[in-house]
Amino acid sequence: MTTSLSGWGNYPVLDCPQFFQRQVDSIRSLLLDQQSSSLIARGLGRSYGDSSINVDGVLNQTSRNRFLSFDSEIGLLHCEAGVSLDEVVQTVLPQGWFLPTTPGTKFVTIGGAIAADVHGKNHHRDGTWGQHVRRFSLMLADGSILECSPTQHSDVFWGTVGGMGLTGIILEATIQLMNVPSSYVDVNQRRASNLSEVFDLFMETDQQYKYSVAWIDCLSQGSRLGRSVLLLGNDAPAELVQASRRRQPFSLPTKRCKSIPFQFPGLAMNRLAIKIFNGLYYRRHGDKNMLVDFDSYFYPLDSIHHWNRIYGRRGFVQYQALFPRETSRQGMTRLLEIIAHSGQASFLAVLKSSGAANLGMLSYLFDGHTLALDFPFRGEKTIELCERLDQVLLEFGGRVYLAKDSLVSAEHFSQMYPRIDEFRELKHRLDPDSVFRSHQSDRVGLTEAR
Ligand SMILES: Cc1cc2nc3c(=O)[nH]c(=O)nc-3n(C[C@H](O)[C@H](O)[C@H](O)COP(=O)(O)OP(=O)(O)OC[C@H]3O[C@@H](n4cnc5c(N)ncnc54)[C@H](O)[C@@H]3O)c2cc1C
């Protein structure tokens with residue numbers, strides 16, 4: 001069945017034959033019978049760009065969504081790779097366990113979380129998703145299944161963690177979850193009047209708080225450049241929840257989600273509208289302490305289904321920039337100045353602090369700061385802006401994130417990821433004919449473009 005597919009940003013959109021095999025034997029037959037000359041696995045399509053689309057074939061894995069076991073004594077979860085983080089949380093949180101780290105949406109599969117080696121608001125403390133994966137099984141291009149862990153085929157393990165589906169199909173995995181005292185976060189909200197102040201606050205509080213994230217108004221300029229609202233948090237103790245909410249510590253909030261029913265006209269996201277929204281957001285969020293349920297703290301955007309439609313038919317691109325700690329103030333200032341002058345606006349951008357890098361060959365984060373921005377896609381104008389931002393990243397030793405990217409060139413990508421040759425070598429050994437490839441892997445030079 002051929003379907004128009006894209007990532008969450010709705011750019012680019014390609015017509016892709018989509019396969020839905022869930023049984024191991026039928027996935028193997030799909031590979032061996034060469035029903036398509038190449039293939040890429042797809043989860044819930046929450047990567048923003050073109051990492052899970054391919055005009056030859058896309059293998060949708062969302063129906064491989066069975067839980068295989070859960071040991072609630074030690075928090076060890078074994079499940080198929082199409083299980084979503086939402087399904088995991090619904091099952092384990094009432095038993096006192098939560099995800100070891102979580103992206104800003106829960107509509108992500110276990111396979112997608114491993115392939116992108118996703119991170120959350122606690123990277124400076126707990127690292128990435130891959131660091132909590134105990135093992136997984138991987139179907140290779142020849143149909144064989146390899147058992148991988150940090151000690152067994154560790155090169156394949158660390159090539160697959162962050163490897164964006166290019167080493168094979170992750171079939172099932174075992175994850176170490178994290179023990180939590182309640183389903184609430186004890187949040188300290190702080191306002192920072194500019195970028196320098198928010199960096200100081202991050203530095204002062206990194207040791208004190210497990211979670212931290214700042215929402216930045218990237219349209220403010222001059223002395224207010226980078227003004228932000230910082231949300232610092234720790235898991236809320238059960239007694240605090242009971243005392244202040246008169247609720248059971250693990251009660252899950254019942255919420256009614258709203259939905260954007262259709263694509264907005266592109267003009268809805270103009271600079272003026274974004275400026276007004278960002279200004280209001282900043283003014284309404286003063287310094288305070290509050291108890292916030294996990295859903296509102298970790299997944300504020302999930303309460304509006306299809307929010308990506310507000311960017312209209314042309315879609316949008318997300319640009320996530322990472323700078324090393326030594327250069328991040330300078331690099332981010334340059335980035336924000338370019339954006340503020342470009343006439344292209346981003347809704348509130350998200351700034352996070354990141355800790356040490358892991359062993360993933362293509363894993364994104366290293367010690368520093370990362371800023372995620374959304375730009376409505378305006379053709380050449382947006383492409384040129386992102387190229388300018390890439391230059392700033394290269395100058396300051398930074399990089400973009402494959403799970404968000406839809407534009408970076410092969411030349412820039414190879415300069416940003418120094419272990420690219422090691423990954424290519426592994427890829428060649430496992431998959432000499434590049435059966436596993438995506439529109440993105442061809443674009444960034446991880447596979448040879450045809
Ligand atoms: C609102 C929002 C907020 C986000 N916030 C964050 C964040 O804070 N931190 C962060 O790190 N990311 C974040 N992301 C990105 C998201 O976590 C990743 O892109 C994730 O990989 C998406 O998972 P998915 O199941 O939707 O996979 P898809 O988008 O469908 O695929 C992503 C990659 O995973 C591969 N893949 C999927 N399943 C398998 C499988 N079974 N075997 C092998 N490869 C597979 C695909 O080939 C592709 O390369 C966010 C995304 C959104 C929309």
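How many bridges join S19 to strand S20 (residues 368–376), and in which direction do the two strands run? The answer is five bridges, with S19 and S20 running antiparallel. The points below start from this pair in what is a predicted model, and then turn to the ligand and to some local features of the backbone.

1. Strand S19 (residues 349–354) has six of its six residues buried, so this strand is largely enclosed by the rest of the structure. The cover extends to both faces, since Ala 349, Leu 351 and Ser 353 are buried on one side, and Val 350, Lys 352 and Ser 354 are buried on the other. Towards S20, Ser 354 stands opposite Gly 368. S19 is also joined to strand S13 (residues 211–216), again in an antiparallel arrangement, by three bridges, and here Ile 216 has Ala 349 as its bridge partner in S19.

2. Strand S20 is likewise described by its burial: nine of its nine residues are buried, so the strand is largely enclosed by the rest of the structure. On one side the buried residues are Gly 368, Thr 370, Ala 372, Asp 374 and Pro 376, while His 369, Leu 371, Leu 373 and Phe 375 are buried on the other, which leaves both faces covered. Nine bridges link S20 to strand S18 (residues 316–324), and these two strands run antiparallel; within this pairing, Gln 318 has Asp 374 of S20 as its bridge partner.

3. The ligand is surrounded by 34 residues, of which the closest are Ala 41, Arg 46, Ser 47, Thr 109 and Tyr 401. By class, this shell divides into 17 nonpolar, 13 polar and four charged residues. As for individual atom pairs, an N or O atom in the side chain of Ser 47 is 2.6 Å from an oxygen atom of the ligand, and a backbone N or O atom of Gly 104 lies 3.0 Å from a nitrogen atom of the ligand. Lys 352, listed above among the buried residues of S19, has a side-chain N or O atom 3.0 Å from an oxygen atom of the ligand. Taken alone, the ligand exposes 960 Å², and the protein buries 97% of that area. Two or more residues of the shell are given by each of strand S3 (40–42), helix H3 (110–116) and strand S10 (169–176), with H3 supplying the largest share, four residues.

4. Ser 149 is placed in the loop between strand S9 (145–148) and helix H5 (154–160). With a relative accessible area of 9%, Ser 149 counts as buried because this value is under 20%. If residues up to four places away in sequence are set aside, Ser 149 touches Arg 134, Arg 135, Ser 154 and Phe 157.

5. Some backbone values deserve a careful look, because most residues other than glycine have a negative phi, and most peptide bonds are trans. In the loop between strand S1 (2–5) and strand S2 (14–19), which holds Pro 12, the peptide bond from Tyr 11 to Pro 12 is cis, with omega near -10 degrees. Asn 10 is found in the loop between S1 and S2 as well, and its phi is positive, near 60 degrees; Asn 10 is buried, with a relative accessible area of 16%. His 306, in the loop between strand S17 (304–305) and S18, also has a positive phi, near 55 degrees, but His 306 is partly exposed, with a relative accessible area of 35%.

Definitions and conventions:
Residues numbered from 1 in each chain as written. Predicted model: local features only at pLDDT ≥ 70, side-chain atom pairs only at ≥ 80, totals over all residues. Heavy atoms only, no water. Near = heavy atom within 4 Å. Polar contact = N/O pair within 3.5 Å; in protein donor to acceptor, adjacent residues only side chain to side chain. Areas by Shrake-Rupley, 256 points an atom, 1.4 Å probe, with all protein chains shown as cover. Nonpolar A, V, L, I, M, F, W, Y, C, P; charged D, E, K, R; others polar. Buried < 20%, exposed > 50% of the residue type's maximum accessible area, 1.4 Å probe, protein only. Contact = heavy atoms within 4.5 Å. Pairing = 2+ DSSP bridges.
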